[in-house]
Structures are given as structure tokens and as C-alpha cells.
Amino acid sequence: MPAKDRYHVVTLPGDGIGPEVTVEAVKVLTAAAARHGVAFDLEEIPGGGEHYLKHGVEWPDGSEARVAAADAILLGAVGADDPVTKRSVFTKPGQPYPTAQLAGYALVIGNRLRLELFVNVRPIKLLPGVRHKVSGRFMDIWEPGQVDYVVCRENTEEAYSGKTHDLTDPEGNVIGRMTPIEVTRKATERVCRYAFELARQRKARGRPGKVTCVTKSNIIGAHKYFEDVFREVAKEFPDIEPDTSLFDAFCMWQIRNPEWFDVVVAPNLVGDVISDNGSTTQGGMGMAAGGNIGFEHAMFEPIHGSAPKYAGQDKVNPLAAILSAAMMADWLAGRFDDARLRAVAADMEAAVAAVMREGKRLTYDLGGDARCSECGDAVRDALPR
Ligand code: IPM
Ligand code: MG
């Protein structure tokens, strides 16, 4: 599609710390864009678990159409605890079975399914200047060059189909409940192709050119199918090395030898777990950015969640949200063939790197004492002139 001068972005600040990190991401994004003559028309839609508890709906009527009409979506976080049950799940009214769903489901999982955001791209990259917090102490464990891979998580099915039903014995007695693990050829092929294409692009920039498929294929039949389809897709990419790993062992290797990985592809729930686990090696969840990408739509979000206990304190690390907004600018650059947005993304990343290098205005999780907003200001002020 042709480039535009104004891009329409829907922001979904959501719950907990979502709003405060979204403010910082927007602050840096708009400042970077202005330097390149690009503007964003930002449309904020309220919603999430808190909205559900207050209004009985997760977001206002008509929100589905509004997010679908946007050029891209920027999400903060969702998830709020019910004051009575103290849980972040709720039972959807009118459903025959009490289906436990996260309050705020429509904004996260709902958008992923409805807009067919088939891959959740989660870079695990250690930036210079990050020290790792382990047992409350800061240590140098991994070096930046050793941690640079991208998790491509299947984002529409497997354990996330939203289906749960009673499990019955042959006499029809309810003996439990079950959520199926569903893996289709269509969803597996497209996420695997995305992973191989990405490995090819990275290889052109000097990376090894390898895709590791992570499943529990030795025990879960649907995962064996995922791996079989992965091997078929691999034949379309003879220049890229296909590799497989079992999920349990992979969790250990990604801490011990993160340098082994380049691009990783995994079924939905596996991708959920390994992206959080991998964030340990990039300085924690405060550094972990992500993008839910489809053919027509995309939604970008830090992967850390709503962290209600820190909400409203101007305390948490905004860098994951800022880096997610940079990923959004980069995705828009490709979709609208707009080199200016490529430069916006590069400037935002350079500014984050500069703030890390300087090391003086980092938040508590990285050993600093800056507020969330101070860190965001520092990144904005570090944007290349
Ligand atoms: C994530 C989150 C979500 C998920 C939650 C909030 C439903 O953990 O984006 O990784 O499980 O996908
Ligand atoms: Mg997760």
C-alpha cells in the first residue's frame, strides 16, 4: 500500500501498568515520527478487566470494528483481579460451561483470533548495559552478542482455541473438564513460513540462518503434527537449517546456551512459556517486546502483563512498550512501503540503546532508580537529532 502522511493507530492502554507504559511508548513514537515528517492519529479505546468489572463488558460496543479499521494497534496490558474472587479470570455470562477466561480476553486473545494475527513475534535480544537480576542481586551472566533470537509463536489455536467442555465417562457422568489442543495445517504452515522467511532475512545480515521448532512432539500428537508440517515447510527453504527441540529441554538450553538460537517457532502455549522464560536472558519482562502480526492487521504489545501491584506508581520499566512501538513503526514501514517509518523505528531503538549505555536513567528492575516517566523522557531526549 502507498505511504501516507498520517497513520491511524488505535491504542488499548488496558489494565494495571498498561496505561503508564503506553503513555511512554506514544511519547517516544510521536517524537521520533515528527523528526521524519510522519504523524500518528491516535485513537484510544478503553477496555480490559477493570472495564469489565465496572461496566460488565470488556470494551465499548463497536470496538471490534474500530480496531479492525486502524492501520495498527498498540496494546498496553490486560488483566485485573476480581475484588471478590481475587482472580483475574471470569465466567462468561450465558455460557453453558463456566469457561475460565482472563478478564480482558477480547482485547488480547480476541483480537489475535478475530484479526487473524497468526504469529506472535517476540525478539529475545540482550542490549548492552543490561545487568541481570537474579535472587535480588544484579549479575553479569550473558553477554549481548550471545542472546539474539526471535520467538515466532503460533497465535491463533492449539490450547488457545477458547473451547472447553465437560469430560464424561461412558455412562455420561461428568468426570472433569477438557480443553483440546488443536493444530491445523493452515495455521502451522503460515507460522513456519514466517519463521523461515525471517531466518532468511536475518541470514542476509550475518546471522546463522537456523529455525528451531520447539514442541513436545514425543508425547503430544498434535505437536508431532506441528513438527511434521515444520519439516515439510523447511524443504521450501534449503538455505536455512531446520532444527528441533523438545520443550522441556529447550527451557533449560535457552538459559544455558541462548547463543544456539536464531529463529524459534512453536505452538501457542509453548511460545507463551518460552518467551517469558527467554526474557530472563534479556534483562527480564521489562525488556521484552512483541508484535502480533497477520496479513492485514497487526497489534504490538510488551509481553509483561498488567502487574497490578505496581499500577499507578510510575515505577515500572517502559522500555518493552517503547520497543514494541518501534516494532510497530517497522511493520508499518513494510506494509505502507514507507522508508520514513523504518527510520522512526531505527531511531527509537538507537535511543533505547543510548539510554542503556548511559545507564543513569533506568528503572528499578535494571538496578536504577528512575521513574517510568523519567526513563521515557530519557529515551525521547536521546532520539537522534
Ligand atoms: C501473553 C500473555 C497472554 C497469553 C495472556 C494475557 C492471556 O501471557 O501475551 O503472553 O497467554 O497469550
Ligand atoms: Mg505470556
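The following dialogue explains how to read several features of this structure.

Me: On what basis should the model be read?
Reply: This is a predicted model, in which local features need pLDDT of at least 70, side-chain atom pairs count only at pLDDT 80 or more, and totals for chains, interfaces and linings use all residues. Residues are numbered from 1 along each chain as its sequence is written, chains are lettered from A and ligands numbered from 1 in the order in which they are written, and side-chain values use heavy atoms, with hydrogens and water left out.

Me: Which residues are around ligand 1?
Reply: A residue is near a molecule if one of its heavy atoms lies within 4 Å of it. Around ligand 1 these are Leu102, Ile109, Arg112, Arg122, Arg153, Tyr160 and Asp272.

Me: Which side chains have an N or O atom beside an oxygen atom of ligand 1, and at what distance?
Reply: A polar contact is a pair of N or O atoms within 3.5 Å. The side chain of arginine 112 places such an atom 2.7 Å from a ligand 1 oxygen, and arginine 153 does so at 2.7 Å. For arginine 122, a polar side-chain atom lies 2.8 Å from an oxygen of ligand 1. Taken alone, ligand 1 exposes 320 Å², and the protein buries 77% of that; such areas come from the Shrake-Rupley method with a 1.4 Å probe.

Me: How many salt bridges does the whole structure hold?
Reply: A salt bridge is a side-chain nitrogen of Lys or Arg within 4 Å of a carboxyl oxygen of Asp or Glu. A search of the whole structure finds 31 of them. One of these joins glutamate 182 and lysine 163, at 3.0 Å from N to O. Glutamate 182 lies in the loop between β11 (174–178) and α5 (185–204), and lysine 163 in the loop between β9 (148–154) and β10, so the pair ties together parts that are 19 residues apart in sequence. Helices (H or I, at least four residues) and strands (E, at least two) are DSSP runs, numbered from the N terminus.

Me: Where do arginine 185 and glutamate 189 lie?
Reply: Both belong to helix α5, four residues apart, about one turn of the helix. Their salt bridge has its closest N and O atoms 3.0 Å apart.

Me: Is aspartate 338 buried or exposed?
Reply: Buried means under 20% relative accessible area, exposed over 50%, and partly exposed in between (1.4 Å probe, protein chains only). Aspartate 338 has 4% relative accessibility, so it counts as buried. Its salt-bridge partner, arginine 340, lies 2.8 Å away between the closest N and O atoms. Arginine 340 counts as partly exposed because its relative accessibility is 25%.

Technical notes:
Polar contact = N/O pair within 3.5 Å; in protein donor to acceptor, adjacent residues only side chain to side chain.
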